[in-house]
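Biologist: Before we go through this model, I would like each label set against the rule behind it. Please start with the charged pairs.

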Amino acid sequence: MSGNGGDLAYLVAAACFIIALKGLSGPRTARAGNLVGAVGALLAVVVVFVVEDLDHLGLIAATIVIGAVAGVVASRRVAMTAMPELVAAFNGVGGGAAALVALIELRDAGSASTLLAALFTVVVGCVSVAGSVVTFLKLNELMTGRPVTFPGGPVLFGAVVLADLGACVWAYQVQPDPSVMLAAAFVVLLSLAVGVLFVLPVGGADVPIAISLLNAFTGLTVAASGYVLGNTLLLVAGTLVGASGTILTRMMAAAMGRSVASILFGAFQGGSTAGSQEVSDRPVRSAGAEDVAILLGFARKVVIVPGYGLAVAQAQHTIHELVDMLQKRGVHVVYGIHPVAGRMPGHMNVLLAEAGVPYEQLMEMDDANSEMSSTDVVLVVGANDVVNPAAKTSPGSPIYGMPILTVDDARAVVFLKRSMRPGFAGIENELLYDPKTTLLFGDAKDSLTKVLQSLKVL
Amino acid sequence: MSEGMALLTVFVLAVFVGFEVIAKVSTVLHTPLMSGANAIHGVILVGAIIVTGHATGTVDLGLGLLAILLATLNLVGGFVVTDRMLEMFGRGRKPPPRADADDDRSAPRA
């Protein structure tokens, strides 16, 4: 379908993508790797204009310009805290694009294998779109972050999957008759429903893993459309993303002490919603900003555990200031960073780095945990699930088995919280009722500012 | 080798490359890596351009242009947002602010 020059350029672009993925796996090479990937993509897009004999060039170019401007504006403007939502959204639109390409090719598919590949792309692309929309809503807290389950959910899911397969068989049989588009419409609708039902039962804390899996799905759809179009570059790029995305999904799940299957189907089995509901009106010890300032100011060693609440309150700079102040007083302070602090693995590191916190103060979970027993005060800012001892002690809990920061080993724990509302995973935290725990209620930024002021006059 | 067989060969080899290329990744890089991989599948733009450029009917043209719009968002937005995440990492690498940090670490644990 294209000359040798075009194929050669596609090969170079494919090599760029491999180098990009390799680069992105190491901290020193990550940024360069991303750039190599972008260069490969640019090359591929330029080449397609050169080697293909295309109509509608003006419309195509105009659409690309609009999309590119929108993409740059969206990714530049969005707050760092909303980054996971944006990744979910970009993944969804990619899946949508692949599904549309396959829909257009459906009528013209010449062989059984290309027809199957096109149907596969429509199905999985639509699952990816709908799934990404649900993850977006969950992350944005436009809908509940808790696992959404209802009686008969698994049966409904199974029924919709079967109906979807039935629609695919229908489309397969009537093709190349134009009525294939009617069948395809059913495939699209049912696949969207599958995507929604697939992600609804995933609990809030596990959403990043669902995004990663949907990302791998989208990769596979791109690979399948490459097969349909006989385009090696799409085939290679899509397969690379599908394969590496699968591995990445497993690594992310492992970092949370979960298996991918238990995340996706855990809620279906009913085990995942068993949060402890009995507490809530038990007494907690709350204190004022001055008390917290005294606790911190006279400690020898303090570990800060930042969570998403810190980011939501935009308090990264305030906490940085507080830590500087404590260090001037001779207090040894480090940040204990849970691998999934924030909304995604590594999210918190990005947020703190943005606020100018030196890399050396960020301690990974295992290192931080070995420091806990010699720590005087742990200051937990807007985090909950990642320090919840239920992950170690109560096998019925949805977060059981997730590695946590063992802040209960420290001599005292201070929680800065907005309210007694449970965390993202929706589970009560026993540690809040522990005698060595002090709570300071309020917006993280307000609270930190007050503590900072009290510390100045101490 | 038929074209189908050649594509299948490429597919299988790419699966292995995809598995091997990201063997060990620090959790800190999971999000940027996911985001970068996400950007790479935006090359579906190439496919969208091909089908749109060969579109004959108005419906196909409309669907194709929509696919181009979505794919461009994915591709351009994906790479830019990944770069923005990674930009933060380079900035953090400064000399250690406190020389006595190691002393505290070896202190006896009470």
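Modeller: This is a predicted model. Over all chains, the salt-bridge rule gives a count of four.

Biologist: What makes Asp83(B) and Arg31(A) a salt bridge?

Modeller: The closest N and O atoms of Asp83(B) and Arg31(A) are 2.9 Å apart. The rule asks for a side-chain nitrogen of Lys or Arg within 4 Å of a carboxyl oxygen of Asp or Glu, so the pair qualifies.

Biologist: Where do the two residues of that pair sit?

Modeller: Asp83(B) is in helix α4 (residues 58-92) of chain B, and Arg31(A) is in helix α2 (residues 30-51) of chain A. The pair therefore crosses between chains.

Biologist: How many salt bridges are counted between chain A and chain B?

Modeller: The count between chain A and chain B is two. For polar contacts across that interface, the rule finds 14 residue pairs, both residues being at pLDDT 80 or more.

Biologist: Which element gives the most to the side of chain A that touches chain B?

Modeller: That is α9(A), with 16 residues. By class, this side of chain A has 63 nonpolar, 32 polar and 16 charged residues.

Biologist: How many residues of each chain are in contact, and how much area is buried?

Modeller: In contact are 111 residues of chain A and 86 residues of chain B. Contact here means heavy atoms within 4.5 Å. Chain A and chain B bury about 8,900 Å² between them, with 73% of it on carbon and sulfur atoms.

Biologist: Now chain A by itself. Why is chain A called as compact as a globular protein of its length?

Modeller: The secondary structure of chain A comes to 17 helices and six strands. Its radius of gyration is 25 Å, and the globule rule gives 23 Å for 458 residues; the two values are close, so chain A is as compact as a globular protein of that length. Along its principal axes, the C-alpha trace of chain A spans about 80 × 50 × 35 Å.

Biologist: Which domains does the assignment give for chain A?

Modeller: The domain assignment gives domain 1 (78-272) and domain 2 (289-456) of chain A. Their C-alpha centres lie 36 Å apart.

Biologist: How do you know that domain 1 and domain 2 of chain A are in contact?

Modeller: By the contact rule, 20 residues of domain 1 of chain A touch 21 residues of domain 2 of chain A. The area buried between these domains is about 1,800 Å², and carbon and sulfur atoms give 65% of that. In domain 1 of chain A, Met80(A), Thr81(A) and Met256(A) lose the most area to domain 2, together 30% of what that side buries.

Biologist: What counts of salt bridges and polar contacts are found between the two domains of chain A?

Modeller: Between domain 1 and domain 2 of chain A the count is zero salt bridges. One residue pair is in polar contact there, both at pLDDT 80 or more. The elements giving two or more residues to the domain 1 side include α4 (83-106) and α9 (232-255) of chain A. By class, that side has ten nonpolar, six polar and four charged residues.

Conventions: Residues are numbered from 1 along each chain as its sequence is written. Chains are lettered from A and ligands numbered from 1 in the order in which they are written. This is a predicted model: local features need pLDDT of at least 70, side-chain atom pairs count only at pLDDT 80 or more; totals for chains, interfaces and linings use all residues. Side-chain values use heavy atoms; hydrogens and water are left out. Domain bounds come from an automatic or database domain assignment. Buried area is the accessible area (1.4 Å probe) that two parts lose on being put together, summed over both. A polar contact is a pair of N or O atoms within 3.5 Å; within protein, one must be able to donate a hydrogen and the other to accept it, and residues adjacent in sequence count only if both atoms are side-chain atoms. Helices (H or I, at least four residues) and strands (E, at least two) are DSSP runs, numbered from the N terminus. Ala, Val, Leu, Ile, Met, Phe, Trp, Tyr, Cys and Pro count as nonpolar, Asp, Glu, Lys and Arg as charged, and the others, Gly among them, as polar. The radius of gyration is taken over C-alpha atoms; the globule rule is 2.2 Å times the number of residues to the power 0.38.
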